[in-house]
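Please open the model in a viewer and keep the sequence panel visible. The tour proceeds by selection, and each stop states what is to be found there.

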Amino acid sequence: MKTSNLTGASAITKTPRAGSDVQARQSQNKYPTRKYEIAYLNAENEIVEFARMAPALPTFENAFGALGRGAMVHTQNGPMTVEDLLPGDRIRLANGECETLLWRGSMVLHPDAVEPNSEHCCLTRITAEALGPSRPTPDLVLGPTAHLLHRAAGVRTLTGKRAAYIPARDFVDGSHFIALSPAIPVQLYQLGFARQESLMVNGIEIESLHPGTFFGLGLRGDLLAQYLALFPHKRDLDDFGEMRYPRLRMRDLELLE
């Protein structure tokens, strides 16, 4: 049994629900699939871990492919690598508060699955201090679905909010933000809380798990059921709460210039 370094919560393994497996098998005739690994904190404060085959669609992968292995996440007891975190750990957020980690998901990005010029398969390396002192430190490798919290006058103009989450890949400039194609399989992670949060990862504010709006997600029927089965700590999409900050693309801000 695995024990969290911070909370002492016990990890157990449960067999995924049979209905979800049937849906997954049915979808294989329509979509390619991949394995997603999940660990979550249940109502009894136990860590439940399981793996499940589900569609290899961007909507699904967006919830898993944010943080590269070795990314340092601030916790109540100091920095820890993302792969060492467990549900139940207390994570220090960008606002200085601590929240309990409820969910950790991961997937593997394989080199042979990378399509040339596909932005959904590109890693982003942010070089040390690219955004200022200790931002990041050291270099930080992010997955294709990572979003950085970005403050700019244009964000308020477009959304009325003081900040928005922008895909890390939108900042690629070949110098401080470098696009990488994996040469070997790369494990990617994402972290989930009661609602959308800003994590401090190597000194940079990164968006936590949130599926976005129901209409933006664009899933119905069996696909929606399979998606929700990957998040047993939530009852439905409404349980993820409202987004603290919206998502934008850099090109949206450039249109204002």
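The stops below run from the whole chain to single residues.

**The whole chain**

Begin with the complete protein, which is a predicted model. Colour it by secondary structure: six helices and 17 strands should appear. Of its 257 residues, 49% are buried. Among contacts between residues at least 6 apart in sequence, 65% join residues at least 24 apart.

Next, colour by pLDDT. The average for the protein is 88, and 85% of the residues score at least 70. Select residues 1-8, where pLDDT stays under 50; the model has 26 contacts beyond four places in sequence for this stretch. Then select residues 15-20, where the pLDDT is also below 50, and where the model has eight contacts beyond near neighbours in sequence. Where pLDDT is low, the predicted coordinates should not be read in detail.

**The nonpolar cores**

Which residues of the largest nonpolar core touch the most other members? Select L67, L142, L148, L191, L199 and V201, which hold that place among the 31 residues of the core. Now display β11 (140-142), β13 (164-167), β15 (186-192), β16 (198-201), β17 (204-207) and α6 (250-254), the elements that give two or more residues to this core.

Centre the view on L67. Leaving aside residues up to four places away in sequence, L67 touches V82, V141, L142, G143, Q187, L188, Y189, L191, L199, V201 and I206. Apart from this core lies another, of 26 residues; to find it, select F60, M107, L188 and L219, which are among its members. In soluble globular proteins, nonpolar side chains tend to be buried together.

**Aromatic rings**

Show the side chains of Phe, Tyr and Trp. A search of the whole structure finds eleven aromatic pairs. Select Y40 and F50: their ring centres are 6.2 Å apart and their planes stand at 80°, so this pair is edge-to-face. The pair links distant parts of the chain, with Y40 in strand β2 (residues 33-41) and F50 in strand β3 (residues 47-55), ten residues apart. Are these two residues buried or exposed? Y40 has a relative accessibility of 12% and counts as buried; F50, at 11%, counts as buried too.

Move on to Y36, F60, F64, W103, Y227, F231 and F240, which form one aromatic cluster. F60 is also a member of the core of 26 residues. Add K234 to the selection: its charged end sits over the ring of F240, 5.3 Å from the ring centre.

**Helix α5**

Select residues 221-228, which make up helix α5, and look along its axis. Its buried residues are L223, L224, Q226 and Y227. These cover an arc of only 160° around the axis, which puts them on the same side of α5. Y227 also belongs to the aromatic cluster. An α-helix has 3.6 residues a turn, so residues three or four places apart point the same way.

**The loop between β10 and β11**

Go to the loop between β10 (123-126) and β11, where P136 is placed. Most residues other than glycine have a negative phi, and most peptide bonds are trans. What is the peptide bond from R135 to P136? This bond is cis, with omega near -10°. A cis peptide bond also joins T137 and P138, with omega about -10°, and P138 lies in this loop as well.

Two residues of the loop deserve a check of their backbone angles. E129, in the loop between β10 and β11, has a positive phi of about 65° although it is not a glycine. S134, found in that loop too, has a phi near 60°, again a positive value in a residue other than glycine. E129 is partly exposed, with a relative accessible area of 48%, and S134 counts as partly exposed at 39%.

**K161 and its surroundings**

Finish with K161, in the loop between α3 (153-159) and β13. K161 counts as partly exposed, at 38% relative accessibility. Draw a distance from its C-alpha to that of Y245: the two residues are 84 apart in sequence, and the C-alpha atoms are 7.0 Å apart in space. Leaving aside residues up to four places away in sequence, K161 touches V155, R156, R244 and P246.

Conventions
Residues numbered from 1 in each chain as written. Heavy atoms only, no water. Core = buried A, V, L, I, M, F, W, Y, C linked by side-chain atoms within 4.5 Å. Buried < 20%, exposed > 50% of the residue type's maximum accessible area, 1.4 Å probe, protein only. Helix = DSSP H or I, 4+ residues; strand = E, 2+ residues; numbered from the N terminus. Contact = heavy atoms within 4.5 Å. Phe/Tyr/Trp six-rings, centres within 6.5 Å; stacked < 30°, edge-to-face > 60°. Lys NZ or Arg CZ within 6 Å of the ring centre and 35° of its normal. pLDDT = per-residue confidence, 0-100. Arc of directions from axis to C-beta.
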